[in-house]
Amino acid sequence: MNEILENALKTGKIAGAYLIAGSSPEAAQEQIDEFLLRVFCHTGTGCRTCPGCVKYLRRSHADLFMIEPTKNTISIGDVRDIPAAIAKKPYEGGFQAVVIARADAMTPQAQNALLKAVEEPPDHTVFMLGVQNTKNILPTILSRCIILKTSFSPAETERLLHEEHGVPTLRARVLTAAAKGDYHLAAAYLSKGFFEIRDDMILALNRLFTARNMATSATLELFLKHEGALDLCFVTAQQYIADVLLYKHTGRVSVYEDKLREIEQHAQMRDFVLVNIQRILLEYTAKRAQCAGLNVKLALESMLFHILEVIL
Ligand SMILES: [Zn+2]
């Protein structure tokens with residue numbers, strides 16, 4: 001469970017409103033259930049067998065107000081009764097909870113109708129909101145919530161890249177691996193032009209390997225084309241070389257499974273060359289991090305000559 005929620009349970013200091021951001025409605029609901037089971041459980045453990053847990057799981061607990069979208073939105077009619085309902089004390093003497101796992105489906109009118117209750121919830125009342133996109137939530141509501149960012153499993157990341165961003169399945173898997181399963185990082189990579197950059201880096205390395213010193217200016221152009229995303233250039237180039245080395249020794253790749261043909265070809269290079277290119281790429285990355293005023297073009301040029309020295 002999220003550390004903040006865990007801590008709230010431990011100390012008994014449960015806030016008036018939590019907002020679980022960046023998560024699919026199913027994942028948000030899962031987190032909310034995990035937390036509220038322990039709130040409603042008679043033993044505080046979320047045992048799933050005591051009357052409190054059972055009533056919660058059946059969604060029949062008298063102190064649970066669960067709001068689901070009818071059609072695609074949650075309108076004012078769906079939430080209008082909530083403020084009056086929670087103004088009464090909890091029936092069972094513990095907490096009462098308002099759960100909206102798809103809070104971003106609320107119309108602005110619905111959000112306004114809840115605003116006062118979220119701002120000043122009655123004692124022993126907790127709002128649990130799940131949203132995929134905080135953009136759809138009124139700032140006044142956001143400012144009253146403790147915002148919890150969730151992380152996705154790699155499988156969820158893959159699915160979201162495919163469904164929300166239209167990335168084809170194989171590419172979604174590659175991008176997920178490149179971002180180490182982190183959805184937000186993957187989405188950020190994608191917006192910077194991940195696949196074009198990655199392909200250009202493979203092209204750049206290929207030119208260095210094959211055309212040797214004839215290729216420096218054309219290769220430099222490939223880096224400069226992505227000057228705004230040089231960090232990603234280096235991430236992808238390093239990942240690629242790491243995959244070539246891995247493939248060479250194990251026959252597997254860990255990230256770029258869609259580039260097997262190129263990887264197979266480049267695995268002909270000697271280990272000494274590949275390892276040294278990796279080292280040079282790392283050195284350049286470190287240098288970039290240290291020197292703010294680095295002349296990018298000159299530094300890249302010198303890096304490419306270093307790589308050529310190793311290859312030739
Ligand atoms: Zn229980």
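Helix H11 (residues 194-210) gives the largest share of the lining of the largest cavity, with four residues. The model is predicted. Beyond the cavity, this briefing covers an open sheet of five strands and a zinc ion with cysteine donors.

**Cavity**

- The count comes to one cavity of 30 Å³ or more.
- The largest cavity holds about 40 Å³ of space.
- Its lining is made up of Met-201, Ala-204, Leu-205, Leu-208, Phe-223, Ala-237, Leu-281 and Ile-307.
- By residue class, that lining splits into eight nonpolar, no polar and no charged.
- In general, rolling a probe the size of a water molecule over the atoms reveals where empty space is left.

**Sheet**

- The open sheet has five strands in the order E2-E3-E4-E1-E5.
- Pairing in this sheet is parallel.
- Strand E2 (64-66) and strand E5 (146-149) stand at the edges.
- Each of these two strands has a single partner strand, so one side of each is left without a neighbour in the sheet.
- From one strand to the next, the twist averages 15°.
- Strand E3 (residues 96-100) and strand E4 (residues 125-131) run parallel and are joined by five bridges.
- Within this pair, Val-98 has Phe-127 in E4 as its bridge partner.
- As a general point, strands of a sheet pair through backbone hydrogen bonds, either parallel or antiparallel.

**Zinc site**

- The zinc ion has as protein donors Cys-41 (SG), Cys-47 (SG), Cys-50 (SG) and Cys-53 (SG).
- These donors lie 2.3 Å from the zinc ion.
- Along the chain, the donors follow the spacing C-x5-C-x2-C-x2-C.
- The four donor atoms subtend angles of 104 to 116° around the zinc ion, so the arrangement is tetrahedral.
- The cut-off behind that label is that all angles lie between 85 and 135 degrees for four donors.
- For four tetrahedral donors, the ideal angle at a metal is 109.5 degrees.

Methods:
Residues numbered from 1 in each chain as written. Predicted model: local features only at pLDDT ≥ 70, side-chain atom pairs only at ≥ 80, totals over all residues. Heavy atoms only, no water. 1 Å grid on protein atoms, 1.4 Å probe; cavity = no way out; pocket = protein on both sides within 12 Å on 5 of 7 lines; lining within 4 Å. Points joined across faces, edges and corners; volume = space filled by probe spheres on them. Nonpolar A, V, L, I, M, F, W, Y, C, P; charged D, E, K, R; others polar. Pairing = 2+ DSSP bridges. Axes fitted to C-alpha atoms, helices over the stretch in contact; angles between N-to-C directions. Donors = N, O, S within 2.8 Å, 3.2 Å for Na, K, Ca; no water. Tetrahedral: all angles 85-135°; square planar, octahedral: opposite > 155°, others 65-115°.
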